[in-house]
Amino acid sequence: MATHSTTAPHTGPLATTTGLDHRKLLMWTFLASECLFFGSLIATFLLFKDASVSGPIPQEVLNIPVTSTSTFVLLTSSLSMVLALAAIQRGDIVSGRVWILATAVLGATFLGFQVFEFKEFIDEGLKPSTNVFGASFFTLTGFHGAHVAVGVIWLMSLFIFSFKSKDGIPASKSLDVELCGLYWHFVDIVWVVIFTVVYLISSLE
Amino acid sequence: MANLKNIRPKALLGLLAIALLPILAACSSTDNPLTTISPKSDVADDIQQLYKIIFVIAMVVFIVVETLLLYAVIKFRRRPNDGIPKQVHGNTVMEITWTIIPALILVAIAVPTWITIFEIDDVPDDAYMIEIVGHQWWWEATYPDGQVTANEIHVPSDRTIGFTLDTADVLHSFWIPQLFGKQDLIPGRTNTLWFTPNPGTEGRYLGQCVEFCGASHANMRLEMIVDSPADFAAWTSGLESPAPAATALAATGYDLFASKGCVACHTISGRNDAIGIIGPNLSLFGSRLTLGSATLDNNTVNLTAWLQDPEDIKPGNIMSKSAPIYNNPGLAMADTEIDALVAYLQSLK
Amino acid sequence: MASAVGAIGAAGAAPSESGVWSWITTVDHKRIGVLYGVSAILFFLLGGSEAFLIRMQLASADADLISSGVFSQLFTMHALTMVFLAIMPLGAAFFNFLIPLQIGARDVAFPRLNALSYWLFLFGAILLNSSFVFGGAPDAGWFAYANLTSTTYSPGDSMDFFTLGLLVLGVSSLAAALNFVVTILNMRAPGMTLMRMPVFTWMALIVSFLLVFALPILTVGLVELLLWRFFDMPFFSAEFGGDPLLWQHVFWLFGHPEVYILILPAMGIVSEILPTFSKKPLFGYTAVVFAGVAIAFMGFAVWAHHMFTVGLGPVAIAAFSASTMLIAVPTGIKIFNWIFTLWGGSLDLRTPMLFSLGFVSLFIIGGLSGVMHASPPLDRQQQDTYFIVAHLHYVLFGGSIMGLMAGIYFWFPKLTGRMMGEGLGVIHFWLMFIGMNVTFGPMHLVGIMGMPRRIYTYSEGSGWEFMNQLESVGAIILAIGLIIFAVNIFRSLRSGEVAGDDPWDARTLEWSISSPPPVYNFDAIPVVYSKEPFWDQKHPELAHDKPPADAVAPVAEDPASIHMPNPSYWPIIVAFGASLMAGLVIVNPYLAFIGGAITMMGVYGWIFEPAGPEEHH
Ligand code: HEA
Ligand code: HEA
Ligand code: CUA
Ligand SMILES: [Cu+2]
């Protein structure tokens, strides 16, 4: 938006009042909203984790080693996301593509772990409708998984469309990747909270 | 808008006049069985006391602020040669004043509120505890000695009464305005409530379910009957040893009560075939003053109407939905059979 | 990459100035505002008609006009319609139309997202109301307490329409709120610092943040309700360890901020109108703004005042009682600042001013009854009686609706270039003011006399007959008033007096441009030096903050060179797909993928469509 702000008393030559790009501010605000979304789901889980009238209870099904591995995978993907953005900002087309793909693959691996975990739980007799622990667990981690899935689709879209032009994603468009990165890091951080609250604390008790 | 000055106070006065009459009327509990401002117990008195304080404060604030507003509107109305008024932007002292004064007023509301909250909270240890269970759309009461009744709950006037509140299905709320404020019945938790009748308050008190609970929520009332200790003792012992059916018609009704399937859902003490618990306990039904959880007077006409078509009186109720006599035309009751059942039920005194 | 698929977008979005297609594809904030406004007024009349039927049934004891089942649908849909389909979208209409004009911008930050919000709202509203045709509307009350909403006690689809309809509406409001936050924070004219923003824009910003934080909570509640009903996940089933009270906590944790979402736009409107018609600046601008912020913050800490009778324990209810009462302080600050805005002014009692004064006088009544049931012992006698119904209508009708009506009369000339008829307007005001008091005033009394809410019938001898009759007469007065309002709108559109740019001698930027405004709003983006730039420009001698001596007037651009965003049909496609997805869930969750596919297609089409100025900086 051309605001011709040269005559402005105090804003500089920036196109927006705050200096932040519109889309970035949008993403930040959206993520603030997501905090409340996951916060409510986590609160439900905390309310219910020990309230089930019949098993299985958390300690019986949670598999900390497996989930620690998948957590590690997801955290690694945050690193590759950072590398992807850095590469694109310095105009390194190939590394940009590689790191984006790597992030997507790591995300997909995490989802694979989650599918495996869900299947294990169901085999051990914990379905979403079995008890309130199951209901709140599957809802919370399921919605997180859905967020990861959206992130993977987003990353894959970026990856595929980077081939539309031989320049890949130019540095001038690095915001497209940065937004995806903001989202991706957020989903990661939420997972750290979930891992702590759902897995570590619940299995310690 | 020159006429503003005339219209507005007039309209307000008119409203006030309309408003005052019923306020006076609302105090009378005979014309307003559910009135909230005619307390007949210690707990209700406490609430009333607090209500008076807060009502007066609210009225004063109301009058002061609305007068200020009305005065400003009338005083500063635009006149023909008004220039541009002085451009005032604010005043810090005034801002602080109208932050602090309301805050102080609120403290004056909050402190007695807190005191009352704790005063009416815990059930005293010596209370006579009655278990209340809410059903769609009727009330069940179980006494400490195991007697069970429904919808018309007798209590003795000489002691503190406590209730435990549970529900068999959805949320309900237990409320008898002249005796105590409401408390909700919630699946999975047991709430409590208590009151002590004021001396000399023997009589009938209307109550009502006040949490929306489905189609017949409006028809989920109840009556609490505060008895003198002697009457109460007589009533409870009557629950245990009901009189046998006296007339021939009532005897026919006695049999029909079994053959028409009523026994599947209703209990009548003294009959071992009638032990159903889906519907209200009908022991001593003949001595009840009301019918259909206090929605109708208990007389021959109303009882006949109820048995003919319960759906018409309480939409959606389980008796009309599930009793075979109402949903299987082959089993429908003849008028004579209904008369017999009425006679039988009325003989349960 | 944009150019590769640019052809698609360009082909479908050939700009046309009028006709249905131009409205369907519009991304102009002013037109979207009109769409919101017109739909909201229609839904208001629908919700009002539902209320009218309620009042007819309750006009006499033991009435037989409406069956219990239909009555439950009526009061549930009346409230849902008024709250989610009338007041919230009317607020959105004002936000859309006014925010860019007040902050000196040419559009909102994301014009297509804005269109998406509107279409989602419309389709969500249709989905919710279609339940009337498909086997019965929601009938568990607007806050739909569990476990009455379970498949046992609410078999059939009605509660699924509730859940899915509200989910769609929630997404719509969230998208709109995000858009407004970015627009207000990021697109202010040079010099318009936060503390120079018009109060209406401030309230819009606060409401948007409230939505951003409150809606996800409702979403979680609705999702749990959905999973409970469709997949037996026992969130609210006490027998499986679930808790029906969880729903109440979640709903009111959303619901109480929601009531401030409903009132703050009206407060913003009134804060613009009172100064204009008093010819004085708003008294205590800073205090009014921060009171708004404080109300929003505190709004999240009071939800349990709707749950004083569920048995939370004395300590909890004492705490929630205190936090609730505390909200009266910032609200009082606003009231007193408004009164002292009038003080010493030159009050022109035209219709917008009448409605604003009506707002202030009636909202005080509603606020004071609010403080009364903030006291838990009193609330034990008042909750779920008509005393609460009186409270909520004094704040919502006397407050929100009166304020929004004031806004309609005030900005109608800016929107259409024509004045609303003053004569009919004054009649409309008095009918509404009197009708409102006759309808809802007696509810206080009948509530004190113990009349419960949500009852379809009451008995002779309850002592409530006369008051109820009076209330129903009030509803008739209101209906006549609203018919006059409708007539006034139509007459003014056709033959209203031509308004000119600044008919009220107003104070903020939107009045500095023509009526109706050009598509691009401002040919020269204004430079702002004070809180009331337009007034100060008209009266430099009175100005508080004066432009520096070397200030250069902004240069007007050639309208032909101003690029506005292209129209687009992708928003309506995405909205349609998403709403279809929600609707199909009711039929069969697996069918919902059809809607999902349409949505995905829409999203990709959208991404590759050149959006116009939004994309080039
Ligand atoms: C616009 C919407 C709106 C607004 C602004 C408010 C404002 C307030 N509300 Fe209300 N409320 C509703 C909409 C709203 N409410 C609705 C819809 C319901 C019912 C929901 C349902 O059950 O269906 C409800 C229900 C409701 C309840 C639950 C009642 C029950 O179900 O038992 C309570 C209890 O505390 C309450 C309190 C308050 C308070 C204290 C305020 C305060 O914010 C009011 C503050 C304002 C003033 C006090 C007036 C001005 C101040 C002064 C002039 C200063 C001096 C004053 C003093 C010192 C007192 N409200
Ligand atoms: C935003 C809020 C809003 C608004 C504006 C209104 C407006 C009105 N409301 Fe409502 N109301 C609520 C929000 C609102 N209400 C809520 C939240 C509840 C609680 C619901 C619950 O318990 O779940 C409620 C409940 C409620 C009840 C209690 C129902 C019950 O508990 O059983 C009643 C009863 O009288 C009522 C009446 C009215 C009336 C008469 C109007 C009038 O102001 C309406 C005036 C409008 C018109 C009359 C329409 C005009 C129409 C035309 C001009 C077209 C021509 C049509 C005709 C002539 C019929 N409302
Ligand atoms: Cu039981 Cu309402
Ligand atoms: Cu509230």
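In this predicted model, ligand 1 is surrounded by residues from chains B and C, so its site is shared between the two chains. The shell around ligand 1 holds 33 residues, and those that come nearest are Trp142(C), Tyr260(C), Asp379(C), His391(C) and Arg453(C). By class, these surroundings divide into 21 nonpolar, 10 polar and 2 charged residues.

Several polar contacts can be picked out around ligand 1. An N or O atom in the side chain of Trp142(C) is 2.8 Å from an oxygen atom of the ligand. The backbone takes part as well, with a polar backbone atom of His373(C) found 3.4 Å from an oxygen atom of ligand 1. For Gln383(C), a polar side-chain atom lies 3.5 Å from an oxygen atom of ligand 1. Two or more residues of the shell are given by each of these elements: helix 2 (42–75) and helix 3 (92–119) of chain B, and helix 8, helix 11 (328–342), helix 12 (351–373) and helix 14 of chain C. The biggest contribution to the shell around ligand 1 is that of helix 12 of chain C, with 6 residues.

The iron atom of ligand 1 brings us to the metals. A single protein donor serves this iron atom: NE2 of His391(C), 2.1 Å away. His391(C) itself sits in helix 14 (residues 386–416) of chain C. The copper ion (ligand 4) is found 4.5 Å from the iron atom.

The copper ion (ligand 4) is coordinated by three histidine atoms, namely ND1 of His256(C), NE2 of His305(C) and NE2 of His306(C), at 1.9 to 2.1 Å. Along the sequence, the donor residues of the copper ion follow the spacing H-x48-H-H. His256(C) belongs to helix 8 (residues 244–278) of chain C, while His305(C) lies in the loop between helix 9 (285–298) and helix 10 (314–326) of chain C, so this pair ties together parts that are 49 residues apart in sequence.

We can now turn to ligand 2. Its surroundings comprise 34 residues, of which Arg55(C), His78(C), His393(C), Arg453(C) and Arg454(C) come nearest. Arg453(C) is thus listed among the nearest residues of ligand 2 and also among those of ligand 1. The shell around ligand 2 divides into 25 nonpolar, 6 polar and 3 charged residues.

The polar contacts of ligand 2 include one from His78(C), where an N or O atom of the side chain is 2.8 Å from a nitrogen atom of the ligand. Two arginines reach oxygen atoms of ligand 2: a polar side-chain atom of Arg453(C) lies 2.9 Å from one, and for Arg454(C) the corresponding distance is 2.6 Å. The elements of chain C that supply two or more residues to this shell are helix 3 (29–58), helix 4 (68–103), helix 14, helix 15 (422–448) and helix 16 (465–495). Helix 3 of chain C provides the largest share, 8 residues.

Chain B also offers some sheet architecture. One open sheet has 5 strands in the order 3-2-1-5-8, with mixed pairing. Its edges are formed by strand 3 (148–150) and strand 8 (191–195) of chain B, each with a single partner strand, so one side of each is left without a neighbour in the sheet. On average, and ignoring direction, neighbouring strands of this sheet are turned by 25° against each other. Within the sheet, strand 1 (residues 128–135) and strand 2 (residues 138–142) of chain B run antiparallel and are joined by 5 bridges. Gly134(B) stands opposite Trp139(B) of strand 2 of chain B.

Another open sheet in chain B is built from 3 strands in the order 4-10-9, again with mixed pairing. Strand 4 (152–156) and strand 9 (203–208) of chain B are the edge strands, pairing on one side only. Here, too, the average turn between neighbouring strands is 25°, direction ignored. Strand 4 and strand 10 (residues 221–227) of chain B pair in the parallel sense over 5 bridges, and Ile153(B) stands opposite Met224(B) in strand 10 of chain B. Across strand 4 and strand 10 lies helix 4 (residues 229–240) of chain B, which runs at about 130° to strand 4 of chain B.

Technical notes
Residues are numbered from 1 along each chain as its sequence is written. Chains are lettered from A and ligands numbered from 1 in the order in which they are written. This is a predicted model: local features need pLDDT of at least 70, side-chain atom pairs count only at pLDDT 80 or more; totals for chains, interfaces and linings use all residues. Side-chain values use heavy atoms; hydrogens and water are left out. Two strands pair if DSSP finds at least two bridges between them. Helices (H or I, at least four residues) and strands (E, at least two) are DSSP runs, numbered from the N terminus. Axes are lines fitted to C-alpha atoms, for helices over the stretch in contact, and angles run from 0 to 180 degrees between N-to-C directions. Contact means heavy atoms within 4.5 Å. Donors are N, O and S atoms within 2.8 Å of the metal (3.2 Å for Na, K and Ca); water is not among the atoms, so sites may look incomplete. A residue is near a molecule or strand if one of its heavy atoms lies within 4 Å of it. A polar contact is a pair of N or O atoms within 3.5 Å; within protein, one must be able to donate a hydrogen and the other to accept it, and residues adjacent in sequence count only if both atoms are side-chain atoms. Ala, Val, Leu, Ile, Met, Phe, Trp, Tyr, Cys and Pro count as nonpolar, Asp, Glu, Lys and Arg as charged, and the others, Gly among them, as polar.
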